[in-house]
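Take a moment with the sequence and the model. Then read on for a short briefing on the protein copies and the DNA beside them.

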2 protein chains.
Amino acid sequence: MSEEKSPVTTGARRDSYHHGDLKRALTHAALSLVAERGPKGFTLTEAARRAGVSAAAPYRHFADKAHLLATVAEQGFLELHTALTTTAADAASDPAARLISIGRAYVRWAVDHPDHYRVMFGADNDKAQHPSLAVAAGQAFGDLLDVITLCQAAGKLRGQEPGQVAGPLWSLVHGIASLAIDGELRNVGIDQDPEDMVADALSALFGR
Amino acid sequence: MSEEKSPVTTGARRDSYHHGDLKRALTHAALSLVAERGPKGFTLTEAARRAGVSAAAPYRHFADKAHLLATVAEQGFLELHTALTTTAADAASDPAARLISIGRAYVRWAVDHPDHYRVMFGADNDKAQHPSLAVAAGQAFGDLLDVITLCQAAGKLRGQEPGQVAGPLWSLVHGIASLAIDGELRNVGIDQDPEDMVADALSALFGR
DNA sequence: ACCTGAACACCGTTCAAGT
DNA sequence: ACCTGAACACCGTTCAAGT
């Protein structure tokens, strides 16, 4: 029998006994798995298989399955943060327009990466158990806070505390994103594009 | 206080070979399990154990684990629907006040039944696979639609199509509920009571 | 019609042992 | 330090067999 082993996944080498970049290979495989079989279909054993290692190998890099998923979620928040800041840089100078742009960007990223978004807000990630995940989530939230502060400074948005308005605004944006991703909106007969929905709702905020 | 509880849900062994009300006992055990160990901790085997039957018995009543969870979710939407209609009956005659009341009631029910709510909106329930679940969800959504239609008829809310405003409104309410349940709001330093948050946001909708 | 018991193919996790 | 292989205690699901 030939010693033909499992095919090497993206950018990983198995030329030696040691993998080399197993941690990255595992998170990558995890995300692919979630995309292919849904968040529930993710399996630590299968992720290890795709990385070309034994089922026990991941435990050198992650305490358990939940920690691997938390790392994937954390990466998602970093990517979302990047998407939001990039949008903010390109946005118009009008604060209200910037808020609408960032709202659109948030929903667009979520709809474009539904599986990643589900992992980020899955009920199984215990933020108390994964501090760096909480930090990354807070960073993405900070992007929202910044634009809100801008709007308030320009007198476009009432309220004194940015957090006072950031709560409902984040909820609106997250609600649209997650209901759209799960198909709940279409289920009740709402076919409007989720991105347009945020834009409309936010512009109504500024008196149309 | 009522003694008409379900027969054998408390783990007490039945006296006959047949259970009698296994279907109900299983959904009841499932909900308790989700409450105790989280949505991820739910196990079909353990639910069967609590109902006092073998691990294979549930398959006489549910096609698989997902169908049991879908049934639990469906019950949740029915309960939510009841909570919303009860509130609507008690609410003031002013349409705007009614909308605020129903928004409060939605978030209150979700926060009071976090585990049930998670099952209802968990990523694992495939509405296409469980039509009656979609119907129950649509019924709860209908409660929202009704009040919105009332508001529009009274000129309190602009827009011609109720669905046009129901989408963002449901998203806002669902976003607040789910972020509150998962502790995301507190995580970013927002300590406001979620019920008050909906009320504030909705009253702002009516020009304060 | 409803339930049991045994069976199968998995998982997550641990641990001694190899490189 | 990193990985393997075997082991353990589970699960979900199926099926022949009991009541």
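Copies are superposed by least squares on the C-alpha atoms of residues with pLDDT of at least 70 in both. The model discussed here is predicted. With that superposition, chain B fits onto chain A with an RMSD of 0.0 Å. The fit takes a turn of 180 degrees and a shift of 0.0 Å along the axis. The two copies are thus related as by a two-fold rotation axis.

**How the copies meet**

- Of the interface residues of chain B, 100% are also interface residues in chain A, so the copies meet through the same surface.

**The protein surface near DNA strand C**

- DNA strand C is surrounded by 21 residues.
- The closest include Thr45(A) and Tyr59(A) from chain A, and Tyr17(B), Ser54(B) and His61(B) from chain B.
- Helix H2 of chain A, residues 44–51, gives the most to this surface, with three residues.
- By type, the surface holds 10 nonpolar, six polar and five charged residues.

**What the protein meets on the strand**

- Sugar or phosphate accounts for 65% of the atoms of DNA strand C within 4 Å of the protein.
- The rest of those atoms belong to bases.

**Polar contacts to phosphate oxygens**

- His61(B) uses its side chain: a polar atom there lies 2.7 Å from a phosphate oxygen of DNA strand C.
- Leu44(A) uses its backbone: a polar atom there is 3.0 Å from a phosphate oxygen of the strand.
- Lys65(A) has a backbone N or O atom 3.0 Å from a phosphate oxygen of DNA strand C.

Methods: Residues numbered from 1 in each chain as written. Chains lettered and ligands numbered in written order. Predicted model: local features only at pLDDT ≥ 70, side-chain atom pairs only at ≥ 80, totals over all residues. Heavy atoms only, no water. Contact = heavy atoms within 4.5 Å. Near = heavy atom within 4 Å. Polar contact = N/O pair within 3.5 Å; in protein donor to acceptor, adjacent residues only side chain to side chain. Helix = DSSP H or I, 4+ residues; strand = E, 2+ residues; numbered from the N terminus. Nonpolar A, V, L, I, M, F, W, Y, C, P; charged D, E, K, R; others polar.
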